[in-house]
Amino acid sequence: EALDQEVSEFSEARSIEMAPNADWSIPPKPTFAADPTGVDSAIGLEAIGGESGSGVTSEWYEKNPKAYRSIERALNQSIARKEWEKALPLARELLRQWPDDGRGNGSLAMLAMIHKQLKQTEEERDVLVRLVNLSSDAFDGLERLCEIDEATGKLDDLAEWTERLHAIQPIRLDLQQRRAIASEKREQYAVAVSAWKACLDLDPLDVAWIHFRTASAYEKLEDR
């Protein structure tokens with residue numbers, strides 16, 4: 001229990017340091033009661049997004065609607081219910097309180113996901129760019145940016161995302177193929193050759209096609 005308290009205090013201090021303007025008020029811990037079957041069940045289920053629970057916990061959220069944890073709880077509930085229009089302003093409010101939240105499950109990541117569900121691709125892309133510029137290992141964000149920029153022909157940006165993905169996960173065949181094709185489109189044939197050769201080491205189904213693409217990239221490289 002002492003260790004849990006120490007970890008909680010450290011987490012709280014870290015949160016305040018990262019987002020000093022946020023309201024980091026803490027809700028009371030949910031109470032527990034013995035289940036008639038012998039299995040303990042939480043009364044304060046609101047703390048994790050449930051609907052039923054102790055009046056004390058529920059009352060805290062009602063009295064502290066601007067607290068980060070209250071907004072985060074409401075956002076998680078809206079996402080669970082797929083209420084995307086309702087979730088959007090909640091995610092924006094979390095981001096206002098913590099503008100540099102580059103966590104994989106943080107407000108930027110959630111906001112990007114909400115924009116995607118609402119088919120707001122430009123807004124989604126803006127949020128994702130902000131996210132990957134805050135995090136060195138935002139794999140999902142980089143992968144989604146590749147999809148968006150490949151579809152819209154943003155080749156320079158696509159090349160950047162593929163190189164960053166390569167640095168994180170160099171042994172995925174689909175990423176190496178995307179990296180190779182993006183490099184060819186930008187006439188960066190040395191990179192394309194490297195990527196196609198990497199594909200050959202990753203057991204592709206169509207080896208002949210990979211050999212053909214590698215040879216074509218080599219030929220264009222030599223012609224330059």
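Is K119 buried or exposed? Select K119 and find out. At 73% relative accessibility, K119 counts as exposed, since the cut-off for that class is over 50%. This is a predicted model, and the tour starts in one of its loops.

**Stop 1: two loop residues**

Stay on K119. This residue sits in the loop that links α5 and α6. Check its backbone. Phi is near 60 degrees, a positive value, and K119 is not a glycine.

Now jump to E187. Its phi is positive too, about 60 degrees, and again the residue is not a glycine. E187 is placed in the loop between α9 and α10, the latter covering 189–200. With 45% relative accessibility, E187 counts as partly exposed.

**Stop 2: the largest nonpolar core**

Select L75 and I114. These two have the most contacts inside the largest nonpolar core, a set of 37 residues. Show the helices around them. Elements giving two or more residues to this core are α3 (68–80), α4 (84–97), α5 (107–117), α6 (121–134), α7, α8 and α9 (173–185). Which helix gives the most? Colour α4: its share is 7 residues.

Zoom in on L75. Leave out residues up to four places away in sequence, and L75 touches A87, L90, A91, L94, M110 and I114. Apart from the 37-residue core there is another one, of 8 residues. Select A180, A192, V193 and I210 to see some of its members.

**Stop 3: α7 against α8**

Select residues 139–152 for α7 and 155–168 for α8. Two packed helices are described by the angle between their axes and the distance between the axes. Here the angle is about 150 degrees, and the axes lie 9 Å apart. That makes α7 roughly antiparallel to α8, because angles over 145 degrees fall in that class. The crossing of α7 past α8 is left-handed.

Show side chains at the contact. From α7, pick F139, L142, E143, L145, C146, D149 and E150. From α8, pick D157, L158, W161, T162, R164, L165 and I168. Colour them by class. The contact holds 8 nonpolar, 1 polar and 5 charged residues.

**Stop 4: T162**

Keep T162 from the last selection. This residue lies in helix α8. Is T162 buried or exposed? Its relative accessible area is 4%, so T162 is buried.

What does T162 touch beyond its neighbours within four places in sequence? Display C146, R178, R179 and A182. Then draw a distance from the C-alpha of T162 to that of Q177. The label should read 9.7 Å, for residues 15 places apart along the chain.

**Stop 5: α9 against α11**

Q177 leads on to the last helix pair, where Q177 is one of the α9 residues in the contact. Select α9 together with α11, residues 207–223. Their axes come within 12 Å and cross at roughly 30 degrees. That makes α9 roughly parallel to α11, because angles under 35 degrees count as such. Like the earlier pair, α9 passes α11 in a left-handed crossing.

Finish with the side chains. On α9, show Q177, I181 and E184. On α11, show W209, I210, R213 and A217. By class, the contact has 4 nonpolar, 1 polar and 2 charged residues. I210 may look familiar: it is also among the residues of the 8-residue core.

Key:
Residues numbered from 1 in each chain as written. Predicted model: local features only at pLDDT ≥ 70, side-chain atom pairs only at ≥ 80, totals over all residues. Heavy atoms only, no water. Axes fitted to C-alpha atoms, helices over the stretch in contact; angles between N-to-C directions. Helix = DSSP H or I, 4+ residues; strand = E, 2+ residues; numbered from the N terminus. Parallel < 35°, antiparallel > 145°, perpendicular 65-115°, else oblique. Left-handed = near helix turned anticlockwise from the far one by under 90°. Contact = heavy atoms within 4.5 Å. Nonpolar A, V, L, I, M, F, W, Y, C, P; charged D, E, K, R; others polar. Core = buried A, V, L, I, M, F, W, Y, C linked by side-chain atoms within 4.5 Å. Buried < 20%, exposed > 50% of the residue type's maximum accessible area, 1.4 Å probe, protein only.
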